[in-house]
Amino acid sequence: MAANDVVSLQAIIQENNTAQERSYEISVPMPVGAVFSDFTSQNQGRIENNALKWEVVKSANSTSDTILDFDILIVDDSAPGPITVSLTSELLDREFTSVFNPESFTGIQIEGAPTLSINNGNGLSFEVRETQQLTIPFTTTDPNGDNVILTVSQTSGTTANVQNNENNIIINAPNVTEDETIIFNVTATDAFENQTTSSLSVAVTNNNPPVIDSISAPSTGAAGQSINISFNASDEDGDALNFSINQSQGSSGSFILPNTGTSASFTLSVDDGIDTVTQVVTVTITTPPPSSGSGGGAMQWYLGVFLILISLLRLKRKTV
Ligand SMILES: [Ca+2]
Ligand SMILES: [Ca+2]
C-alpha cells in the first residue's frame, strides 16, 4: 500500500447467542495515516468525535452477521509501517457492561524501504593496510518487518574480496603497489525491492616491507665449530617484526657448522605480518673435517680421567 490507495474493510458483528435482544455501539477510531473515505450509512453510520460509529441491534438468538462496510484512504504523509485499524463494541442497553476491544487489524502496510546503518553511524571512510581484513558493523531494519538482504558491490579500485554476515561487512584488502582508495556500494533490499544504498570508501595503504639493517655472522669457520649469527631489521610502518634464522625463531642464535661440505647457508628471515624479507648468509668452512675429530676429543677426555684415577691410587698406597 502507498499514499492515496483506498482500502475496503468490513466490521462484522457476529451472532447474538443470548435470549435477549442486544444493542451495540460500534466505533472505529480514525487510523493514524489514513482517513475514512466511504462508509455505509446503514445502522446510523456516521463520523463522530473523529471516529466512525454505528448502532447495531441484534435480535435474540440471531445467527446472522451484521456487516458494516467502510473504506480508508492512505494519506500522503503516512509513515511506512502498518496502519492499525481498531474497533470497539459497547453494549448500550445493559448496565455495568464493559467495552469490547477485538484485536486491532494490522494487515495494511505502507511499504517503505529498509533503513541501513553502517559502522554505528561513525562515518563511512575506512583505512586498512593491504592484505589486511576490515570488519565493518551494520544494522538494517524494515518498517514493515520484511526480510532484508544486504549486498556489497565494489564500484572502483583494485578488486577486494568482500563478504558479509548478519552483522558485519568483511573486506579483505587487496595487494596494492601504492596507496589506493576503493569504493563500495552497500544496498539493503526488502522483499518488495524497496532499497536503501550507502557508499563507503576504504583507503588501502601500501605496506613498507621490513629492511634488514645489519647482519653479524663470521664469513668463515671450521667444520663442527659453533658460530653465532644475529641480525637487525627495521620497519618504516613501525610494525612488530618476527625474526628467524633457518626457521629457528629469533634474531640471533648459535649454530654448529657441518662436518661435510665447503660452506653452510643460513636463511635470515624477517616479516612484518604482511611482507617477508629474507637474506641468505653463507659461511665458508675452512678446515676439512677431521675423519675422527670428535671421536679423538672424547678419547682425550677419558684418558684424562683415567690418569687422575691412577695417581689417586698411588697416593693411597703411599699413605697406608
Ligand atoms: Ca519494507
Ligand atoms: Ca611494514
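## Starting at S78

S78 has 20 C-beta neighbours inside 10 Å, so it counts as buried. You'll find S78 in the loop between strand 6 (66-74) and strand 7 (81-85). This is a predicted model, so keep that in mind for everything below.

What does S78 touch once its neighbours within four places in sequence are left aside? The contacts are A3, G33, A34 and I110. Another residue to look at here is A2: S78 and A2 sit 76 residues apart in sequence, yet their C-alpha atoms are 8.5 Å apart in space.

## Next door in strand 7

Now step along to T84, which belongs to strand 7. Is T84 buried, exposed or partly exposed? With 15 other C-beta atoms within 10 Å, T84 comes out as partly exposed, whereas S78 reaches 20 such neighbours and is buried.

Setting aside residues within four places in sequence, T84 makes contacts with P31, V32, S104 and T106. A34, already met as a contact of S78, is 50 residues from T84 along the chain, with 9.5 Å between the two C-alpha atoms.

## The whole chain

Zooming out, the protein chain has one helix and 26 strands. Buried residues account for 18% of its 320 residues. Take the contacts between residues at least 6 apart in sequence: 68% of them join residues at least 24 apart.

## Two cores

The largest nonpolar core has 17 residues, and A11, I26, V28, I74 and I83 are the ones that touch the most other members. Strand 1 (6-13), strand 2 (22-29), strand 3 (34-39), strand 5, strand 6 and strand 7 each put at least two residues into this core. A separate core of 13 residues lies apart from it, with I136, I169, A173 and V202 among its members.

Back in the largest core, I26 is worth a click. Not counting residues up to four places away in sequence, I26 touches A11, I13, K53, W54, V56, L68, L87 and S89. As a general point, nonpolar side chains tend to be buried together in soluble globular proteins.

## A five-stranded sheet

One open sheet has five strands in the order 4-5-2-8-9, paired antiparallel. Its edges are strand 4 (46-48) and strand 9 (99-100), each of which pairs on one side only.

At the strand 4 edge, three bridges link strand 4 to strand 5 (residues 51-58) in the antiparallel sense. R46 has K53 of strand 5 as its bridge partner.

## Around strand 26

Strand 26 (residues 276-285) pairs with strand 20 (residues 220-221) in parallel through two bridges. There, G221 is bridged to I285 of strand 26.

The pairing of strand 26 with strand 25 (residues 263-271) is antiparallel and runs to nine bridges. In that pair, S265 stands opposite T282 of strand 26. Strand 25 and strand 26 form a hairpin with four residues between the strands, where G273 takes a positive phi near 90°.

## How far to trust it

Mean pLDDT for the protein chain is 88, and 88% of the residues reach 70 or more. Which elements mark the two ends of the range in mean pLDDT? Strand 16 (residues 168-172) has the highest value at 98, and helix 1 (residues 293-319) the lowest at 46.

Over residues 292-313, pLDDT stays under 50, and the model gives that stretch two contacts beyond four places in sequence.

Key:
Residues numbered from 1 in each chain as written. Chains lettered and ligands numbered in written order. Predicted model: local features only at pLDDT ≥ 70, side-chain atom pairs only at ≥ 80, totals over all residues. Buried ≥ 20, exposed ≤ 12 C-beta atoms within 10 Å, placed from the backbone. Contact = placed C-beta atoms within 7 Å. Pairing = 2+ DSSP bridges. pLDDT = per-residue confidence, 0-100. Core = buried A, V, L, I, M, F, W, Y, C linked by C-beta atoms within 7 Å.
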